[in-house]
Every structure is written in C-alpha cells, then in structure tokens.
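User: Could you walk me through how to read the empty spaces, the sheet and the odd backbone spots in a protein model?

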Amino acid sequence: YTGKNSERQVIDNIRNILVKDYYSHPVVVHENSSVYDAIVIMFTEDVGTIFVVDEDSTLTGVVSRKDLLRASIGKQELNSLPVAIIMTRMPNVTYCFKEEILVDVGCKLMNREIDALPVVEKTENGLLVIGRVSKTNITRAFVDLSNNRDGIVEEQND
Ligand code: ADP
C-alpha cells in the first residue's frame with residue numbers, strides 16, 4: 001500500500017463511472033415549437049437546457065437560458081418565433097453516448113463552456129436523444145463517490 005497506489009485507485013474509481021450511471025431524462029421540444037413555449041417548458045421542467053428535435057426525435061439543436069433571454073429582449077413576437085431560428089444547431093451541438101466515461105463528458109462541458117449536453121444513440125435517421133448530462137449530474141456523481149468512501153450518506157446541514 002503506497003500513496004501512489006491509492007491515488008491510482010481514486011482515479012480508477014472516478015473513471016469507472018459512466019454516463020449511463022448518472023444521466024437524466026432529456027427535456028426536448030420540436031424544432032417548430034415557439035420560443036414562448038420553450039420558455040414555459042424551461043420553467044415547468046426546471047432545466048437550463050432544452051434539446052431540439054425533429055419528428056423522428058433526432059437531434060437538431062439546443063437552446064439554453066441565454067438563448068431564450070437574448071430572443072426575449074429582441075423585438076420579435078415570441079409566440080411566432082420558432083426555436084429553430086435561435087438554437088445552436090447541428091453539427092455544432094456537443095453530445096455524448098451512454099457508454100462514455102462521465103468525467104470525460106465533464107471535460108467537454110468545461111472545454112466548450114456549456115452547462116449540459118444530450119446523450120444520444122446513433123440511428124439511420126440521425127442521433128436519437130435519449131438523455132441529458134448537466135453539471136448537476138457530475139456533481140451528484142462526486143458526492144456519491146465521497147459518501148460511499150466515507151460510509152456516510154446523510155446530507156450536511158448548516
Ligand atoms: P446558458 O445560456 O444558460 O449560460 P450554456 O452556457 O450551456 O447555458 O449555453 C451557452 C451557449 O452554448 C448557448 O448559445 C447554447 O445554445 C450553447 N450550448 C449549450 N449547450 C450546448 C451543447 N451541448 N452543444 C453546443 N452548444 C451548446
């Protein structure tokens with residue numbers, strides 16, 4: 001037992017956590033949905049990022065809080081403005097697969113300076129959206145890892 005080995009073990013434990021262990025349900029809207037509807041869904045579903053899909057549920061884009069705020073301070077009528085006009089669209093969307101290592105997805109979030117990304121599966125039509133990984137999912141994984149190691153599961157209150 002050496003310091004080096006235990007450090008290796010910590011890294012191994014972290015790299016054993018996969019996207020499929022921690023991803024959430026995706027919140028999606030159709031690309032013809034209005035910006036107004038996307039804002040309502042963002043509040044009711046309590047997410048910061050919404051994925052935009054076509055009729056086959058394949059990924060076409062992503063809208064974030066700032067995208068919706070930017071559209072809202074413009075002069076456009078939000079009820080008749082489709083999200084497709086303001087979204088970040090494919091192929092510029094960063095995504096991941098459920099077999100990927102969770103911290104590698106954390107690395108993508110840091111590098112691209114984004115809060116969340118869609119989990120997808122390849123189909124003949126395109127990329128089917130099956131989940132969502134946000135900074136919250138990654139935080140939860142680290143909290144669980146620490147709790148398991150210490151054998152403590154209760155939350156700390158101040
Ligand atoms: P917020 O706008 O709430 O700060 P983000 O930092 O995630 O949220 O988004 C910043 C910008 O990056 C937005 O224009 C958004 O459309 C874009 N974006 C968000 N997620 C992704 C992603 N997975 N791939 C590509 N672009 C994204």
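Analyst: Here is a short tour, going from pockets to the sheet and then to backbone angles. This is a predicted model, so local features need pLDDT of at least 70 and side-chain atom pairs count only at pLDDT 80 or more, while totals for chains, interfaces and linings use all residues. Residues are numbered from 1 along each chain as its sequence is written, and side-chain values use heavy atoms, with hydrogens and water left out.

User: Let's start with the holes. How do I read a pocket, and what volume does the largest pocket have?

Analyst: The general idea: rolling a probe the size of a water molecule over the atoms shows where empty space is left. On a 1 Å grid over the protein atoms alone, a pocket is an open set of points with protein on both sides within 12 Å along at least five of seven lines, a cavity is a set where a 1.4 Å probe fits but cannot get out, and lining residues have an atom within 4 Å of a point. Grid points are joined across faces, edges and corners, and a volume is the space filled by probe spheres set on the points. Here the largest pocket comes out at about 420 Å³.

User: Which residues lie nearest the centre of the largest pocket?

Analyst: S64, D67, E113, I114 and D115, out of 19 lining residues. Two or more lining residues come from each of β3 (59–64), α4 (65–72) and β5 (116–122). Those labels are DSSP runs numbered from the N terminus: helices are H or I with at least four residues, strands are E with at least two. By class, the lining has seven nonpolar, six polar and six charged residues. Ala, Val, Leu, Ile, Met, Phe, Trp, Tyr, Cys and Pro count as nonpolar, Asp, Glu, Lys and Arg as charged, and the others, Gly among them, as polar.

User: And the second largest pocket: which element gives the most to its lining?

Analyst: That's α7, with four residues. The space in this second largest pocket is about 220 Å³. It has 14 lining residues, and V47, G48, R132, S134 and T136 are the closest to its centre. Both β6 (127–134) and α7 (135–150) supply at least two residues of the lining. The classes split into two nonpolar, six polar and six charged.

User: Now closed spaces. How many cavities of 30 Å³ or more does a search of the whole structure find?

Analyst: One. The volume of the largest cavity is about 40 Å³, and its lining consists of I14, I17, L102, V103, I138, A141, F142 and L145. Two or more of these residues come from each of α6 (102–112) and α7, with α7 giving the most, four residues. The class count is eight nonpolar, no polar and no charged.

User: On to the sheet. What order do its strands have?

Analyst: Two strands pair if DSSP finds at least two bridges between them. The open sheet of four strands runs β1-β2-β3-β4 with mixed pairing. Its edge strands, β1 (28–30) and β4 (88–89), each pair on one side only. β3 and β4 run antiparallel, joined by two bridges, and V62 stands opposite T88 in β4.

User: Which helices pack on it, and at what angles?

Analyst: Axes are lines fitted to C-alpha atoms, for helices over the stretch in contact, with angles from 0 to 180 degrees between N-to-C directions; contact means heavy atoms within 4.5 Å. Helix α3 (residues 35–45) lies across β1, β2 and β3, at about 130 degrees to β2. α4 touches β3 and β4, and its direction makes about 70 degrees with that of β3.

User: Take one residue of β2: is T49 buried or exposed?

Analyst: Buried means under 20% relative accessible area, exposed over 50%, partly exposed in between (1.4 Å probe, protein chains only). T49, in strand β2 (residues 49–53), counts as buried because its relative accessibility is 9%. Beyond neighbours within four places in sequence, its contacts are V27, M42, V62, V63, D115, A116 and R132.

User: Last one: what should I look for in the backbone angles?

Analyst: Most residues other than glycine have a negative phi, and most peptide bonds are trans. In this model, D46 has a positive phi of about 55 degrees though it is not a glycine. D46 sits in the loop between α3 and β2 and is exposed, at 69% relative accessible area. E113 also has a positive phi of about 55 degrees without being a glycine; its place is the loop between α6 and β5, and at 72% relative accessibility E113 counts as exposed. For the peptide bonds, look at M90 and P91, joined by a cis bond with omega of about 5 degrees. P91 is in the loop between β4 and α6.
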